[in-house]
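Here's a quick briefing to keep open next to your viewer. It walks through one strand and its neighbours, then turns to ring contacts.

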2 protein chains.
Amino acid sequence: MKPLMIEKLLHVLKSKQGNQIFNYTVPDLWNCFDYDPTKFIKTNTNELLVDPFDFYQSVIKDYILPNKKANVDYQTSLSISNNKVLPKRNYRGGDWIKESVVYSTMIRTSAAWDSDRSGVLEENNIYHMTETGSFVKMLSLLPLLQKMGVDTVYMLPISKFSLKDKKGELGSPYGVSNFNEIDPSLKDPLIGEDMTVDEEFSAFVEACHILNMRVMIDIIPRTNSVENDLIKDYPEWFYWIKADEYTQYKVPFIDGIPNTTSPTVELMEKVYQHENTTRHINMFQYNPKEQNPTLWNKIRNKKNLSKEIEKHFNLRIAPAFSDHINDLQPPWTDVTFFRMYNDFPQETVEFLDTTNRAPYILFDTIKSNLYHGKEPNRKLWEKLADIVPSYQRRFGIDGARIDMGHALPKKLLDMIISKARENDVDFCFIAEELQPKNAEFAYEAGYNMIIGNGFTMEPRYFEGKLQKFFYESTKLPLPVFACGETHDTPRLAARDGYEQLAKTLTVLNMFMPNGVPFINSGQEVFERQPMNTGLDCGPNEAFNLNEDDPYFGKLALFDRYQFHYTNDRRWELPDILDTLKTIRQKWIKQLFQKDAFVPLTTGDQVNTFIGLAYYKKTKTNSKNVLLILANANPYHELYIRPNIHQLREQSKNTQLSGQLLFSTHEGPRVFTQFTDYNNLDIHLGAGEVKIVEL
Amino acid sequence: MKPLMIEKLLHVLKSKQGNQIFNYTVPDLWNCFDYDPTKFIKTNTNELLVDPFDFYQSVIKDYILPNKKANVDYQTSLSISNNKVLPKRNYRGGDWIKESVVYSTMIRTSAAWDSDRSGVLEENNIYHMTETGSFVKMLSLLPLLQKMGVDTVYMLPISKFSLKDKKGELGSPYGVSNFNEIDPSLKDPLIGEDMTVDEEFSAFVEACHILNMRVMIDIIPRTNSVENDLIKDYPEWFYWIKADEYTQYKVPFIDGIPNTTSPTVELMEKVYQHENTTRHINMFQYNPKEQNPTLWNKIRNKKNLSKEIEKHFNLRIAPAFSDHINDLQPPWTDVTFFRMYNDFPQETVEFLDTTNRAPYILFDTIKSNLYHGKEPNRKLWEKLADIVPSYQRRFGIDGARIDMGHALPKKLLDMIISKARENDVDFCFIAEELQPKNAEFAYEAGYNMIIGNGFTMEPRYFEGKLQKFFYESTKLPLPVFACGETHDTPRLAARDGYEQLAKTLTVLNMFMPNGVPFINSGQEVFERQPMNTGLDCGPNEAFNLNEDDPYFGKLALFDRYQFHYTNDRRWELPDILDTLKTIRQKWIKQLFQKDAFVPLTTGDQVNTFIGLAYYKKTKTNSKNVLLILANANPYHELYIRPNIHQLREQSKNTQLSGQLLFSTHEGPRVFTQFTDYNNLDIHLGAGEVKIVEL
């Protein structure tokens, strides 16, 4: 085993601690580890004044390292270091995700704080420290995550991304320019040159492992930044257009095809016949190396390669766009597609003359799960299939989400998944698959779960979609994320229902059948501002904050952003989740057993009532039914009488008393609302969730 | 001339500046001197992040010292250093106050700031600096004061006060324990041991003088702290009671006399007949020295003298109380009265048997302007009459307010005033006289002005008292303060009318006939919380802030307090006053000439309309009438037609056009509202003040 980087980090922090008096703040929420109260002052803004060197040392020394065991290798995945033997039945390697609670974090934002309180989130504050997030600062959030029952830290891309034509103030981490390097902005200047950003990430992964938490990353094998480190070696892996025609580049609109339509072969024939398509594909050019190998060799090692190519070849990388026909999004100017095949799609090659035809981006060439060439771009595929192994080897990560995996050639996806599982049989893969109907394909591809569509279903509780999402999830071959928001969607606290809805759903999601609770960073403090407005957003979604808020109009995915960690309700959800995690652990097996779950039904159609019952087969007298009773309506209370006949039949529980384990609302802790053998009389306040054991 | 302390201060600040990176804030309002913008960051809380050593250096180096002239002695009063020759007519030494604008400051509060933003105003913050005010920090407010046209800094007591049984968190500066020493809490730890608090005060006075500003202090010759430095030398100067009867000490209530009645001789006869009085005066004892000189000599130099006296003599100093009969205030437990005479009042001595009678506090013995012994306490009188000269000699102050001067023996008051004027013929005295009807007495006593009752009159604009206050002031032999609030009263911004009223009156007060504008520290930022609830306060006056305000319920006179210097409207009044000061300067002579002032009257009785006209006798065509037109009603606009016939007659101004120099409200800058020769058609918005030259 290599020396632990988390120990090196502790050492470096200690060595750098000096006599400087710091007026440096962190949100009090970051202190879930009983930081020595003589070492900080709590301000009336819910911040702690700390010496950062001491504070981050303390979380390592007093919270993380005491959990370290001897002879455990924390630099491999938790499953490897635990020598996990996979159960034989109903378990695919990586299925540990089912019993997890996932926290989705974007390090740059989740660990961001205006620590010098200058009013601006600086990369270089008055102490020459960064105020955007880093792995080092993220360590101090691990106690909060553990309090909430989180055991899997899922990170939005951490790879080096391009700053060329960057979106927003800081650029998007989805515009990857080198998937094997970690973005230098995540390096913490607090640590200085004594450690590299890779070592800091190692320290973070080790810390998670020591705390029995898993680490998942987000990989993006289909697209890449238009300015990336692969161009100089592999210009033929990209699509090119004339630089001086760049401004005319647009997605061909095809009359007579509805908006956002999947590109079937039949439709593609029509697409190829359209003059807009002809105009579009004629813009594409051969790559510079192919055009003039001598000139290419002269310039390919120059510093500003894009500029050189533009100057000498009049070429630019062609931007990506949606693979749906007549999706109205403009081209994604920051990213491009990899050329998955060296030739043209066999399915559509007959629709055009390919003589002297440079490779081009179109709905078919980029939808490689449906359209295939004869010649796979082997070298590229090997490179892409080695992204995960590279992170496994270097950092011992536990899983990954594959961005747009469903649009990759099936064989490439197989390679990616199998190569990772060769290293770690229990490696987990999450499919970026939003449609439950596609869960079957994802299952067959080898994924452990899909993201699903909780974010569109749950907030539509008035239409009964929350009910449907919960009650029908057991039919899926894979679990979905039990969540109402992601980094691409509106925040729950900004949906109709606001904080109350966010609270109801955050609680309910801990008990969704076949669902993996997913907390979107910021959700725990009722953040209202989305991180991105990519999915299901209203026209003013980016303006959910008050106008005088310093982060008004800012999106975490592109801009300097810090969550509202110091608001008055900041401890409310963490405290609730702290209570719920024990109940969840006790019933975790039942949450994923189809035959242990009974949805409660009522005579009336009440869209907003969710009744979940789980039962255990026990021989003892212990409580063997768990009831989750929720009124998702955040505005009105609810009196309801669900039928429990089926439940009693199955559970053989004939008792008429229950114990109220938890409620989102104040009230007596007794639960005696049985009217007769078959019915339960329930009162639920607006947005209330009651948890009862029978 | 001694070396300038302000230069020494600059030197010390410079010598102490180091490499420490400071996260130290001051309100942006404290930077009225163009502090180098590369040296600070402005936060979104309207604060500046500065290096305090550099910031305070800059105000001295870049704002104050550039005004220093050669061969001027800044350590004497401005009048002495200017070799001022008193005008012969209508000028009493000290009458410069008439043309002044006075800023009333309590250094501890006015220059207080939670600079480390810990949420608490600390005496010892994370940088081991004080966050309560100091003379050093007060320097950085001088530019703001000058912007507002202030040229006289009047300070609430700065003398050492007692912390014994202190009121509130910090104690009241009115509980003086040594009138010749400056309170050590005003020493700035930023400066350390390199300067004494006396030197820091000297630096402050010099700075004011360099900026052509005068400095006035508040002296308290009638009362003293119950624990003070004079007791050990002069126990006979005080009144004593038995320590074990202390809790029974109360003001004798006399049936049949109305509440708060002045103690005439007739009433005193009744008072002496009352059993409550007998009981009360029987509590008094001879002083410890007189009781047992040997024992006294043994203990008088011990450390905790009060305790020693209590232990050995069972004696305590008797607390003071109001000199009005049946004033319902309880005894003022922190202060006591000096014994002005060695014997009993001649006027009332016949009402009781004085055999073996220890000196006692009663409405007569403490009302020394009405009741006199035969034997003045000469030594005490000399001491009291030397307070001002002592500050003149050491600091070169320009004037003083005498606390309760009207209750001193007339001869003592004469001594105080004449001794100060022996040193400085132009020394100014302000009488703590609230009643305009007593202005004549104050004038005869030698004062230059009285405080007056603006604070009760102005806020009662609805009853026409503002009008009365303004229109009748020219009848007074002395000017009064043109103000609507003092440190003892409610804040204007908390009165009915709130910020609008505060704005209207702050503007109007700059042009009150025979009035000296007086800005109560904090008023300029619409402070709502009073500093003390001594006068004209409602029952909830101490709770004017929002409950979540860190200073909720705090009173500056007793507690840690900082003004709301960073609120959104903080620049509004300073900017207005900056404009008004030029107009005021142009018309300053007329403001104090009885025959240059004409109040504007209207046919209707409109209580809230104030119309002031001043005219100059000029031979040129220049504008020679100044009109101040105000609608004190903060809620409703006003259309009014005042008669200007008399004004035209006097001024010989027959023009029909005027120039609007200023308005509190937005609107056109033209003023053409004359209807005919005699009348003016005026529209005034709610609370509007218009200033017009004709």
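In which sense do strand 21 and strand 26 of chain B pair, and over how many bridges? They run antiparallel, with 5 bridges between strand 21 (residues 625-631) and strand 26. Keep in mind that this is a predicted model.

**Strand 26 of chain B and its partners**

- Strand 26 covers residues 689-693 of chain B, and 5 of its 5 residues are buried, so the rest of the structure largely encloses it.
- Neither face is left open: one side carries Val689(B), Ile691(B) and Glu693(B), the other carries Lys690(B) and Val692(B), and all of these are buried.
- On the strand 21 pairing, to pick out one contact, Ile691(B) in strand 26 has Ile628(B) as its bridge partner.
- Strand 26 also pairs with strand 23 (residues 658-663) of chain B, again in the antiparallel sense, this time over 4 bridges.
- If you want a residue to click on, try Lys690(B) in strand 26, which has Ser663(B) standing opposite.

**Aromatic pairs**

- Counting over all chains, the structure holds 72 aromatic pairs.
- One of them is Tyr341(A) with Trp381(A), an edge-to-face pair at 5.6 Å centre to centre with 75° between the planes.
- That pair ties together distant parts of the chain, 40 residues apart: Tyr341(A) is in the loop between strand 13 (335-337) and helix 13 (378-385) of chain A, while Trp381(A) belongs to helix 13 itself.
- Both Tyr341(A) and Trp381(A) are buried.
- Over in chain B, the ring centres of Phe597(B) and Tyr614(B) are 5.4 Å apart; the pair counts as tilted because the planes sit at 40°, and the tilted class takes what is neither under 30 degrees nor over 60.
- This one links distant parts of the chain too, 17 residues apart, with Phe597(B) in strand 19 (residues 597-599) and Tyr614(B) in strand 20 (residues 609-615) of chain B.
- Phe597(B) and Tyr614(B) are both buried.
- Back in chain A, ring pairs join Tyr24(A), Phe33(A), Tyr35(A), Phe40(A), Phe55(A) and Tyr56(A) into a cluster.

**Charges over rings**

- In chain A, Arg394(A) lies over the face of Tyr391(A), 4.8 Å from the ring centre.
- In chain B, Lys616(B) puts its charged end over the ring of Trp587(B), at 4.5 Å from the centre.

Notes:
Residues numbered from 1 in each chain as written. Chains lettered and ligands numbered in written order. Predicted model: local features only at pLDDT ≥ 70, side-chain atom pairs only at ≥ 80, totals over all residues. Heavy atoms only, no water. Buried < 20%, exposed > 50% of the residue type's maximum accessible area, 1.4 Å probe, protein only. Helix = DSSP H or I, 4+ residues; strand = E, 2+ residues; numbered from the N terminus. Pairing = 2+ DSSP bridges. Phe/Tyr/Trp six-rings, centres within 6.5 Å; stacked < 30°, edge-to-face > 60°. Lys NZ or Arg CZ within 6 Å of the ring centre and 35° of its normal.
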